[in-house]
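Hi everyone, thanks for coming. I'd like to walk you through one protein chain today, so please take a look at the screen.

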Amino acid sequence: MVRDEELNEWLDAVGDIIDIDGVERAARIISSVAQFACKLGCDVPDFLYTDYVNTPCKSAIKPPLNFHLSKQIQGYIQWNACMMVMRANQKDSEIGGHIATFASASVLYQVGIDYFFKGPNHPSKSDLVFYQGHSAPGLYARSFIEGRLNQKHLDSFRRDVSSDHGLSAYPHPWWMPDYWQFATVSMGLGPIQGIWMAKWLAFMDDVGLDTLNDRKVWVFCGDGEMDEPESKGCLTEAANHGLGHLVFVVNCNLQRLDGPVRGNAKIVSELERVFYAAGWRVIKVLWNSAWDEVFKFDVDGAVAKYLGSLVDGAYQALSAIGPEALIEHIMKHVPSCATWLAELPSDVVSQLAPGGHDHHKVFAAYAEASINNGKPTVILAQTQKGYGLGNTIAATNTTHQQKKVSLSALKAYAQLCHVPLTDEAIAQYQYYLPESDDKALVWALKQREQWGGFIPSRSSSKYQKPDLKTLGDRLAIFQGAKATQNKLSTTMCFVKILQAILKMPELRNHIVPIVADESRTFGMEGLFRQIGIYSSVGQLYTPTDSDQLVSYVESKKGQFWQEGLNEAGALSAWIAAATSYSHSGVSALPFYIYYSMFGFQRVGDLIWAAGDMRARGFLLGAISGRTTLPGEGLQHCDGQSMVSASMVPNCVSYDPCYQYELAVIIQEGIERMMVRDEDVFYYIALTNEKDIQPAMPEGSREGIIKGMYALSGVDEPDVHILASGRMLAEAILADQLLTNHGVKVKIWSVTSYTELAREARSKQSYGFCQASEQNPSYLKQCLADGKPIIAVSDYVTAYADLIRPHVSNPFHSLGTDGFGASDSRSHLREYFGVNAHHIALNGLFLLAQGSKRFRQMYAAYLKQSNKPNNG
């Protein structure tokens, strides 16, 4: 008893400190006491989680009195969202869709959109909201109520192609460029993008590109989604940068696609520990207002403690039966509370539900989260998947896959949603659209007007474009007649081009170089002092190289983004900048340069999301190719990124060899993205192998952009050699070998097999699947003589093979198929069969198929080279 009194005195003391001096001082004192106890050998328990109850919210923002109107609109939206999916599958069972996710999250969205989320016309600009992909039907249903969409739209759900009114399955800006802002349904991409989007807003405020004001980034995600490494792997980044305007809302319906997220544990408690440890503010919304009546009698906390010990699998099983079953279960396992639990009014027990379905509780959490205390905030909102859809769907393991609801359950759902439809209308899956004078509708429209307009909403027309009249003059030095005899790699050429662009006053502030901790590898350390490395806190130390010209300089005004060994984070930073024109009305031109192996191979999903979101910027795969990085070996030798890039429809990819090619490509890319408003982004392969940089041949600019141009050779050749990137040097050597044997050669520098193939496909006749003779492709125009072609690259043969279907000439491709290996460049090129010898050998082999004279040349070459035929 004495010990209990002593404990109560300690607890009372803590309460007094909080009341008098505030929670921050109390936290410091408790932390100091805990550290002192640890020094004395006491095993202090884990403080990274709290009791399984709602987090107290003390925001001064008072709850509104019109929740009844918000609930009414929410009912209309829930009903129409369900009907949209069911009507789609009634027409075609292949369409699919999800009804349970939005049913669990509807209050989370409703409260946010009605009371917190700023729209595009708000004086502070729009909040940026990353919607949970499977909740898309709910957003469409709301837009239907608001008059933004009509019944034809809803009846065209998941019909992007077959309907002029198609609504995409998930948030896809490519299909709905005026509606969706971000691509999020690929699990984990919303959370990681949201972190760097919040960092981007802070960066623009720090460097003067834009004003943050009270804009916020809201990220909606599921508790199952938090298993993805992209969801949790970068949480400390948000805390380290003090992103207090970032709010995660985790819809903790405790279920993923197949079953419980943590059947034998508690996902909310797990996430609470993770976020606390990462430096976030955690707000739990676990129980609705009806539970307040329960906890009012739970003076010793026994019920709350038991609920905290109940594993999620057990809780979900009880929830599926109903709240009465849950109370009976607690009575059996907490006998000390059985008496007063049995006396709870039946109308209270029937209303018991998770906190994420309570407008008051969610409002309080959002109000608390809206206070920027310098920490990112996560709201862990407990919900029930399929809430309100009947006990055969709600909280069952099959709920995620449900596309249909029984008629009896639909009638009950209509009653729950307060939708005044007849039984016949319900059986026909009819939508409900209130009259224009409906009080709830009038109120909801007024709320959105007050908060700055409708959301989701995307605009790409409200940004100012920089004046680029001098861009060509600035880059002319890299294309001019004075060729440098200094050997340079294309990586170093890029750095020089970037430095030149940074000297343009009209473009300088729009440039954002991004590197994942490899700046010195790429020779970019000179930019550290020139433009500074961005840091939200500046530089709090004196770097060891401060006395050097290329010292490591961090600054709040820095422009260079150094993201550490975090390719996914660096690409998320690039996406934030590359879409800034649409979400913030600020044009930016990000250049993300990285080891080519760690781009498409490691973060391909994010690159596809960038394409979906109409990103504009440059990705540069340095040290690309399978033979240009000697000594590194299997995983570090990139032989496939150009093929991966070719698969993304709006990714324009090039594999240049020379400085002037690179300059032309970058100039064209900047003009396409920043002047012509084209929704494309560029992937450019760079190498670290040095070569003499010649002057640009006259008349080659158009060919560089289209994908190839004649570099040297005769007008009537015996064979064409097409080579991209560093293999162009091998092609030139092969030309010498063949010329010595009397073979006439024409060498083409192929800057992009991808662009050649795309242009050729665009010229095809769909009726006959063949190129139109009246309008031949650029590729066919260049190779109209029908002579044999040897196409070579430092990538797998599938890259050069992209053009094979579009030429009728005898064709053979050489590439670096297989795993990479460690050795010198010359030995690797011999091993893969892409060096000058193999190019010449295969050229003669093709020629020998149709000519006795060339068969003799082929035999003579074999004899002279004394090498086996690897062709």
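Let me start with charge: how many positive and negative side chains does the protein chain have, and how far apart do the centres of the two sets lie? There are 77 positive and 91 negative side chains, and the two centres lie 6 Å apart. Please keep in mind that this is a predicted model.

Now the overall form. The C-alpha trace spans about 105 × 70 × 50 Å along its principal axes. A compact globule of 871 residues would have a radius of gyration near 29 Å, so the 32 Å of the protein chain agrees with that. Its secondary structure comes to 37 helices and 22 strands, and buried residues make up 59% of the 871 residues. As for the accessible surface, that comes to about 35,800 Å², with 52% belonging to carbon and sulfur atoms. Turning to contacts between residues at least 6 apart in sequence, 78% join residues at least 24 apart.

Let's zoom in on one element, strand 7, which covers residues 511-515. Is this strand mostly covered or exposed? Mostly covered: 5 of its 5 residues are buried. In a regular strand, side chains alternate between the two faces of the sheet. Here I511, P513 and V515 point one way, while V512 and I514 point the other.

And the neighbours? Strand 7 pairs with strand 11, residues 589-595, in the parallel sense over 5 bridges, and I514 stands opposite Y592 there. Strand 7 also pairs with strand 10, residues 561-562, again parallel, over 2 bridges. In that pairing, I514 stands opposite W561.

Definitions and conventions: Residues numbered from 1 in each chain as written. Predicted model: local features only at pLDDT ≥ 70, side-chain atom pairs only at ≥ 80, totals over all residues. Heavy atoms only, no water. Helix = DSSP H or I, 4+ residues; strand = E, 2+ residues; numbered from the N terminus. Rg over C-alpha atoms; globule rule 2.2 N^0.38 Å. Buried < 20%, exposed > 50% of the residue type's maximum accessible area, 1.4 Å probe, protein only. Contact = heavy atoms within 4.5 Å. Areas by Shrake-Rupley, 256 points an atom, 1.4 Å probe, with all protein chains shown as cover. Lys, Arg positive; Asp, Glu negative; His and termini not counted. Charge placed at Lys NZ, Arg CZ, Asp CG, Glu CD. Pairing = 2+ DSSP bridges.
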